[in-house]
Amino acid sequence: MSVIHTSSTDPQPLAALDQWDDFVEGRYKEGKSKEEFRVYDAEALPGVAEFYRLNHGMKSIWEAADFLNTLIDDSDPDTDFSQTEHLLQTSEAIRRDGHPRWMVLTGFLHDLGKVLCLYGEPQWGVVGDTFPVGCAWSTDIVFPEYFANNPDRNVPEYQTKYGIYEPNCGLDKVHMSFGHDGYIAEVMKPYMPIEALYMLRFHSFYPWHRHGAYQHLTNEQDRAMLEWVLKFNQYDLYSKGHARPDIKALKPYYDELFAEFLPKKVAW
Ligand SMILES: [Fe+2]
Ligand SMILES: [Fe+2]
């Protein structure tokens, strides 16, 4: 299975986790002077240096989108569009239908959390359906049969309908499986309205917004926000395969849109 595809000219962040272990071991070897530490950090493992450059990166939205373009999404093989093109197809379809500007922006932002794959997270932990952890799995989650191998299966408390939660506690209090959705929602929390944050955080929570599962964990706010998540979802799903967006021509509009809601650089 392919995991990360980056262009060969770019330094690779971290090829494997044991590279990290080697680095820590070398860095803190006994008897090393401060000076030696610094030299070691820069030269010993370019992958580690690159990892930290990315790790501390402040990026504009365009830079984040460009960076994301180096990724090929294993969960979405039926598109030969770049990630930026998918984002623009989504946001442009929203714009064409006359939705508010914050929603157009949400269309552009929604998959930027996939940069996690380029920070060394495996794709299986970043893309795909999301679902609550700590309670019984819904059979509406994609490929539910694979939960047979999930170690949470052995925790009896997690096998009940409510698990670790109170009835209708609200999705705010629910721990979702990790993914690009939760990540981008956190990044955008200071800047976007609550409707947008629901679209970002829950766009891969298909069991809930498509199949109506987990309603016993939702509260009034979640039920009110569901219509926005659904409104958004059709653009994520059905804008694919449309004409290739003309990025250059669209750039001025998006420059203005980004500037309206977001600082020049965002911490990723
Ligand atoms: Fe997504
Ligand atoms: Fe998407």
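**Figure 1. F143 and Y146 are both exposed in this predicted model.** Let's start at the surface, where these two rings meet. The structure as a whole holds 16 aromatic pairs. One of them is stacked: W137 and F147, with 4.4 Å from centre to centre and 15° between the planes. Both partners sit in the loop between helix 6 and helix 7, 10 residues apart. W137 is buried, at 16% relative accessible area, and F147 is buried as well, at 9%. F143 and Y146 also form an aromatic pair, but a tilted one, with centres 5.5 Å apart and 40° between the planes. A pair of aromatic rings is described by the distance of the centres and the angle of the planes.

**Figure 2. Five aromatic residues form one cluster.** The members to look for here are W62, F108, Y253, Y254 and F258. While you are in this view, find R95, which lies over the face of Y253 at 3.5 Å from the ring centre.

**Figure 3. A lysine lies over the face of a tryptophan.** The lysine is K231 and the ring belongs to W228, with 4.1 Å to the ring centre.

**Figure 4. D111 coordinates both iron ions, ligand 1 and ligand 2.** The iron ion (ligand 1) and the iron ion (ligand 2) are 3.8 Å apart. For the iron ion (ligand 1), the protein donors are D111 through OD, H180 through NE2 and H203 through NE2, at 2.0 to 2.2 Å. Along the chain, the donors of the iron ion (ligand 1) follow the spacing D-x68-H-x22-H. D111 lies in the loop between helix 6 (101-109) and helix 7 (180-188), and H180 lies in helix 7, so this pair ties together parts that are 69 residues apart in sequence. D111 is buried, with a relative accessible area of 3%, and H180 counts as buried at 3% too.

**Figure 5. D236 makes contact with two donors of the iron ion (ligand 1), D111 and H203.** Where does D236 sit? D236 is found in helix 10, which spans residues 220-238. Its relative accessibility is 7%, so D236 counts as buried. Leaving aside neighbours within four places in sequence, the contacts of D236 are H86, T90, H110, D111 and H203.

**Figure 6. Helix 8 has several buried residues.** Which residues of helix 8 (residues 194-202) are buried? They are A196, L197, Y198, M199, L200 and F202. Now for the neighbours: what covers the buried residues of helix 8? The cover includes helix 6, helix 7, helix 9 (206-209) and helix 10. As a reminder when turning the model, an α-helix has 3.6 residues a turn, so residues three or four places apart point the same way.

**Figure 7. Two buried cysteines, C135 and C169, stay unbonded.** The structure holds 0 disulfides. C135 is in no disulfide, and the nearest cysteine sulfur to it is that of C169, 8.7 Å away. Why is there no bond from C169 to C135? The sulfur of C135 is the closest cysteine sulfur to that of C169, yet at 8.7 Å the two are too far apart for a bond, because a disulfide needs the sulfur atoms within 2.5 Å. C135 counts as buried at 1% relative accessibility, and C169 is buried with a relative accessible area of 14%.

Technical notes. Residues are numbered from 1 along each chain as its sequence is written. Chains are lettered from A and ligands numbered from 1 in the order in which they are written. This is a predicted model: local features need pLDDT of at least 70, side-chain atom pairs count only at pLDDT 80 or more; totals for chains, interfaces and linings use all residues. Side-chain values use heavy atoms; hydrogens and water are left out. Helices (H or I, at least four residues) and strands (E, at least two) are DSSP runs, numbered from the N terminus. Buried means under 20% relative accessible area, exposed over 50%, partly exposed in between (1.4 Å probe, protein chains only). Contact means heavy atoms within 4.5 Å. Donors are N, O and S atoms within 2.8 Å of the metal (3.2 Å for Na, K and Ca); water is not among the atoms, so sites may look incomplete. Rings of Phe, Tyr and Trp (its six-membered ring) pair if their centres lie within 6.5 Å; planes under 30 degrees apart count as stacked, over 60 as edge-to-face and the rest as tilted. A charge sits over a ring if NZ of Lys or CZ of Arg is within 6 Å of the ring centre and within 35 degrees of the ring normal.
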